[in-house]
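I opened this notebook to keep track of what I looked up, entry by entry, while going through the model. The entries below follow the order of my lookups.

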Amino acid sequence: MLSIGSVVLGVSDVRRAAAFWTRALGYVPRGEIEDDWAVLVPADGRTGVRLSLGHSETPVQGRPRVHLDLYAGDASDQAAEVERLVSLGARRVRWELYPPDADFIVLADPDGNRFCVIDTGRG
C-alpha cells in the first residue's frame with residue numbers, strides 16, 4: 001500500500017525556505033541543507049509528512065493546483081498561528097475567492113508559495 005512520504009515545494013532559495021519552514025512547522029533538516037535540495041522532517045521522532053524543498057526557477061502560480069493546508073485547533077489558535085507565521089516571513093494574500101465565513105486564511109511563504117491556515121474547530 002502506498003502512502004505520501006513527502007510533499008515537494010519548488011523554491012527559488014532553498015536555504016531561505018528551509019529556515020522559514022523549520023521554524024513554521026517545528027521540523028528539522030534530514031541531513032545537510034544544500035543549495036538545490038533539502039528534506040525537512042518532524043522533530044523529536046514525531047510522525048508526519050516530510051517537506052522537501054527543491055530549487056526551481058518556475059514562476060509561482062497565483063492559483064496553484066496543489067498547496068499545503070496547515071491545521072489550527074480553533075479560531076483563536078488560527079489567528080495566533082497566522083500572526084506567528086507572518087512574523088517568520090509569511091505574508092497575507094489578498095484572495096478574491098474567499099467564501100462567506102471562510103474557515104481558512106491564505107498566506108504565502110517567503111518564496112510566494114501559497115498555503116492555508118485552517119480553523120479545524122468549525123468542522
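**Entry 1: pockets**

By class, I find nine nonpolar, seven polar and two charged residues in the lining of the largest pocket. I keep in mind throughout that this is a predicted model. The volume of the largest pocket comes out at about 320 Å³. There are 18 lining residues, and those closest to the centre of the pocket are Gly10, Gln61, Pro64, Val66 and Asn113. I then asked which element gives the largest share of this lining. It is strand 1, residues 6-11, with five residues.

I turned next to the second largest pocket, which holds about 250 Å³ of space. Its lining is made up of Val7, Leu25, Tyr27, Pro42, Arg46, Thr47, Gly48, Val49, Arg50, Leu51, Leu68 and Leu70. Sorted by class, these are eight nonpolar, two polar and two charged residues. I noted that strand 4 (50-55) and strand 5 (68-72) each supply at least two residues of this lining.

**Entry 2: the strands around strand 3**

Two residues from the lining of the second largest pocket, Tyr27 and Pro42, led me to the strand pairing, since I found them listed as bridge partners, with Pro42 in strand 3. Strand 2 (residues 27-29) and strand 3 pair in the antiparallel sense, and I count three bridges for them. With strand 4, strand 3 again runs antiparallel, this time joined by four bridges. Within that second pairing, I see Trp37 standing opposite Gly54 of strand 4.

Is strand 3 enclosed by the rest of the structure, or exposed? Five of its six residues are buried, so I record strand 3 as largely enclosed by the rest of the structure. As a reminder to myself, strands of a sheet pair through backbone hydrogen bonds, in either the parallel or the antiparallel sense.

**Entry 3: two aspartates with positive phi**

I looked for residues other than glycine with a positive phi and noted two aspartates. Asp44 has a phi of about 55 degrees, positive although the residue is not a glycine. I place Asp44 in the loop between strand 3 (37-42) and strand 4, and with a relative accessible area of 79% it is exposed.

Asp101 has a positive phi of about 60 degrees, and it too is not a glycine. Its place is the loop that runs between strand 6 (91-92) and strand 7 (104-108). I checked the accessibility here as well, and Asp101 is exposed at a relative accessible area of 66%.

**Entry 4: the open sheet and Ile118**

In what order do the four strands of the open sheet run? I read the order as 5-8-7-6, with mixed pairing. Strand 5 and strand 6 are the edge strands, each of which pairs on one side only. Strand 7 and strand 8 are antiparallel to each other, and their pairing extends over five bridges. Ile105, in turn, stands opposite Val117 of strand 8.

I then followed one residue of strand 8 (residues 114-119), namely Ile118. Is Ile118 buried or exposed? Its relative accessible area is 12%, under the 20% limit I use for burial, so I enter Ile118 as buried. Leaving aside neighbours within four places in sequence, I find Ile118 in contact with Asp69, Leu70, Tyr71, Ala72, Gln78, Asp103 and Phe104. I also looked up the separation of Ile118 from Asp74: the two are 44 residues apart in sequence, yet 8.4 Å apart in space, taken from C-alpha to C-alpha.

**Entry 5: aromatic rings**

How many aromatic pairs does a search of the whole structure find? I have six on record. One of them joins Trp95 and Tyr98, an edge-to-face pair with 5.7 Å from centre to centre and 85 degrees between the planes. Trp95 is partly exposed at a relative accessible area of 22%, and Tyr98 is likewise partly exposed, with a value of 31%. As a last item, I note that ring pairs link Phe20, Trp21 and Phe115 into a cluster.

Definitions and conventions. Residues are numbered from 1 along each chain as its sequence is written. This is a predicted model: local features need pLDDT of at least 70, side-chain atom pairs count only at pLDDT 80 or more; totals for chains, interfaces and linings use all residues. Side-chain values use heavy atoms; hydrogens and water are left out. On a 1 Å grid over the protein atoms alone, a cavity is a set of points where a 1.4 Å probe fits but cannot get out, and a pocket is an open set with protein on both sides within 12 Å along at least five of seven lines; lining residues have an atom within 4 Å of a point. Grid points are joined across faces, edges and corners, and a volume is the space filled by probe spheres set on the points. Ala, Val, Leu, Ile, Met, Phe, Trp, Tyr, Cys and Pro count as nonpolar, Asp, Glu, Lys and Arg as charged, and the others, Gly among them, as polar. Buried means under 20% relative accessible area, exposed over 50%, partly exposed in between (1.4 Å probe, protein chains only). Rings of Phe, Tyr and Trp (its six-membered ring) pair if their centres lie within 6.5 Å; planes under 30 degrees apart count as stacked, over 60 as edge-to-face and the rest as tilted. Contact means heavy atoms within 4.5 Å. Two strands pair if DSSP finds at least two bridges between them.
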